[in-house]
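Hi everyone, thanks for coming. I'd like to walk you through a structure that's probably new to most of you, so let's put it up on the screen.

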Amino acid sequence: MKAGERTAPSGFRPDVEGLRAIAIAAVLLCHAGLPVAAGGYVGVDVFFVISGFLITRLLLGELEATGSVSLREFYARRVRRLLPSLVVLLAVVAVLTFVLLTPLRGTEVSADIVSSAFYVVNWHFSAQAVDYFAQGGEPSPVQHLWSLAVEEQFYLVWPALLLLVTWVWRRRGRRVAPLLWAIVAVVGLASLAFGLQLTQAEPSAAYFSTLGRAWELALGAALAALGPIRLPAALRAGLAWAGLSAIVAAILLFDAATPFPGLAALAPTLGAAAIILAGTAATAPGPSRLLVLRPVRYVGRVSYSWSLWHWPAVIFATVLWGPLGILAGLAVTLASLLPAVLNHHLVERPIQHSQTLSLWPGRSLALGAGCTAAAALAGFLLLSAQPQLRTAPLSEVEGARALPSQPFPQERVEAVRPNPLQARDDRSRMYEDGCLVGVGGTRSHPCIYGDSSSTKTVFLFGDSHAMQYFPAVEELARKHGWRLVALAKAECTPAAVRIRDHAGRVYGECEAWREATLRRIESAPRSSLVLVSSASDYAPLDAKDEPLAGPERALALRTGYEQTLRQLHEAGMRTAVIKDPPPAAEDVPSCVSAQPQDLDACAFRRPRGEDYEVDAQAAHEAPGAKLVDVTAEICPHDLCRAVIGNALVYRDRNHLSATFALTLAPGIERGLRQAKLV
């Protein structure tokens, strides 16, 4: 019989090692940017099933052989297998981040490294995923470690749970197998139900969630609990081919717009389960013959190291050379095999198979503690190494008020507010009060500011780009005694168009919120003032729910904007559109953090063209609508500055900092007076 065709129930599974190769190849091709493999992220799900299967199989084998599970030895093996390679990677990432990335990015990556060191980075990224303003930033060079964190959390809980259940059940003289199946079923079904719900409500958070992914590991555990079975050869071959086909179909057919994990994750996970199930029989059928080929198995053998090294290679290559094309992405990904192989042979295998460490589990655990401490230290050292820029006191911050005395751009800054390293948090009170409705919401809170008893009501209506003007509008509300009602929803244009959210779903919640908000405004006294503002980069959907592009996109968005403004006019409201500020060419706080003595490098020319004038055109066309344009105070002489009057103008690429926005109050008031609205 050929090598690899027969395996003992508790023996090595070469076909599973080959399946690892399929999983890592899918991930690598996806991250390299190969369009045909846009769904390659499902390789992670295949890894989850494999991990659940192998770990549970190992634990059950130990239970059968000894009647118990040594948690000490189990965790010692996990330490030797995973942590030394991880700490080497995190140390290298810390060094490259310090050398290649800006201080702001270094500060952000340092937190990512510390989270990775303690295997909670998936929750770290999940929290960012539900923070609207943390979305859309530059990807972290350790973002790929979220899946390793999920597995480690599984390793932490699952063996202890098995040991506890076995101990309690055997004391009662009962068979463990039925209870094990019940636990796997309960955990798996509960996790699947939670994952489906979370994918619908917060797809970005669901992607990183251990609770929403646990069912994939439980599926692998169920295969291990099933044990070796005998199936007809034809059925085994059919299972294996069907499983491989399901994985390949997911790789080829899924993309970033696929709701995931959700039900879509059943394709790659059940596919992996089918291949594992087919290979548990005595004779390896169909695809298993391919999986046990030596080159395939070698790729599977180095898959852990390759999975660690490929993503930082892509990120830092992008920093050095700009966006990578397909060929460049493939080349960088392939080149990352070199450090992966070196790590595998010089770090991973020697430590994993060290006789000294294997004989003394306590030493392995001490090694693990040392690795965790060293990885965390790398993150803290990276943070402490970042150059610091002094935060300007409020008395030194003039913002837009400085323009009359500063006809030329500010060339350097010794102190600025907000500090670029904390600029992400310079958001208005409206955000802190929960008045920016999240992606899943369809109703706004009361969110009333100013003089709540005033007979003069002003609405601030739009998305986060409307919210950015809140500090200035609130200042005017206090000055004029207005009752200010703040109504904003993340990623939701006030224009009457259908759009997708950041996860690629048709954004039905936006339509529902817009309709409810317009009804709320229409119920206010006639002649109330409505200040509307919104980003101009939305892509309305056509009749087939496909995003429009080019002139068709601009026309549809402008028409939808006009429709909303017309509806407000017909309801007797006075309306003004506050012009959306130009988007920056790069992340402004990041640039300023790196070049505080050369602010010209962070400035950019005001972009022109129909794409940037949708809101202004709608205001000119809609009956009764007025335009309030403070672009001249953001981009004097068409040069959009990073710092004006010691105030950092932008908090990211396209949102004004709350500090600078407050200084626009006189400009907005002047625009409203010119429009005869105050």
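Let's start with Pro-418, which sits in the loop between strand E2 (415–416) and helix H19 (429–432). A word on those labels: helices (H or I, at least four residues) and strands (E, at least two) are DSSP runs, numbered from the N terminus. Before going on, this is a predicted model, where local features need pLDDT of at least 70 and side-chain atom pairs count only at pLDDT 80 or more, while totals for chains, interfaces and linings use all residues. Residues are numbered from 1 along each chain as its sequence is written, and side-chain values use heavy atoms, with hydrogens and water left out.

So what's going on at Pro-418? The peptide bond leading into it from Arg-417 is cis, and omega is near -5°. There's another cis bond to show you, between Phe-260 and Pro-261, with omega about 10°. Pro-261 is in the loop between helix H10 (233–253) and helix H11 (266–279). As background, most peptide bonds are trans, and most residues other than glycine have a negative phi.

On the phi side, I've got two residues for you. Asp-638 is not a glycine, yet has a positive phi of about 65°. You'll find Asp-638 in the loop between helix H26 (631–634) and strand E11 (639–640). Then there's Lys-676, again not a glycine, with a positive phi of about 60°, in the segment after helix H28 (665–674). Are they buried or exposed? Here buried means under 20% relative accessible area, exposed means over 50%, and partly exposed is in between, using a 1.4 Å probe and protein chains only. Asp-638 counts as partly exposed because its relative accessibility is 29%. Lys-676 is at 73%, so it counts as exposed.

Now for the strands. Let me take E6 (483–489), where six of the seven residues are buried. Which strands pair with E6? For pairing, DSSP has to find at least two bridges between two strands. Strand E3 (residues 436–437) pairs with E6 in the parallel sense over two bridges, and there Val-437 stands opposite Lys-489. Strand E4 (residues 448–450) pairs with E6 too, but in the antiparallel sense, over three bridges; Ile-448 has Val-485 as its bridge partner. And E5 runs parallel to E6, with six bridges, one of the partnerships being Thr-457 with Arg-483.

From E5 (residues 457–462) we can step over to E7, since the two pair in the parallel sense over five bridges. Phe-461 is bridged to Val-532 there. E7 also pairs with strand E8 (residues 574–578), running parallel over four bridges, and Leu-529 stands opposite Arg-574.

How well covered is E7 (residues 529–533)? Five of its five residues are buried. In a regular strand the side chains alternate between the two faces of the sheet. On one side of E7 we have Leu-529, Leu-531 and Ser-533, on the other Val-530 and Val-532, and they are all buried.

After E6 comes a loop that runs to helix H22 (508–522), and Ala-495 is in it. Ala-495 counts as buried because its relative accessibility is 0%. What does Ala-495 touch? Contact here means heavy atoms within 4.5 Å. Leaving aside neighbours within four places in sequence, Ala-495 is in contact with Arg-514, Leu-557, Gly-560, Tyr-561 and Thr-564. Ser-534 is 39 residues away from Ala-495 in sequence, with a C-alpha to C-alpha distance of 8.6 Å.

Last topic: the cores. A nonpolar core is a set of buried Ala, Val, Leu, Ile, Met, Phe, Trp, Tyr and Cys residues joined through side-chain atoms within 4.5 Å. The largest one has 93 residues, and Leu-19, Leu-145 and Trp-158 have the most contacts inside it. Helix H2 (residues 43–66) is the top contributor to this core, with 11 residues. Apart from that core there's another, of 62 residues, including Val-397, Ala-415, Cys-435 and Cys-640. As for Trp-158, not counting residues up to four places away in sequence, its contacts are Thr-56, Leu-59, Leu-180, Ile-183, Val-184 and Ala-221.

That's my tour, thanks for listening.
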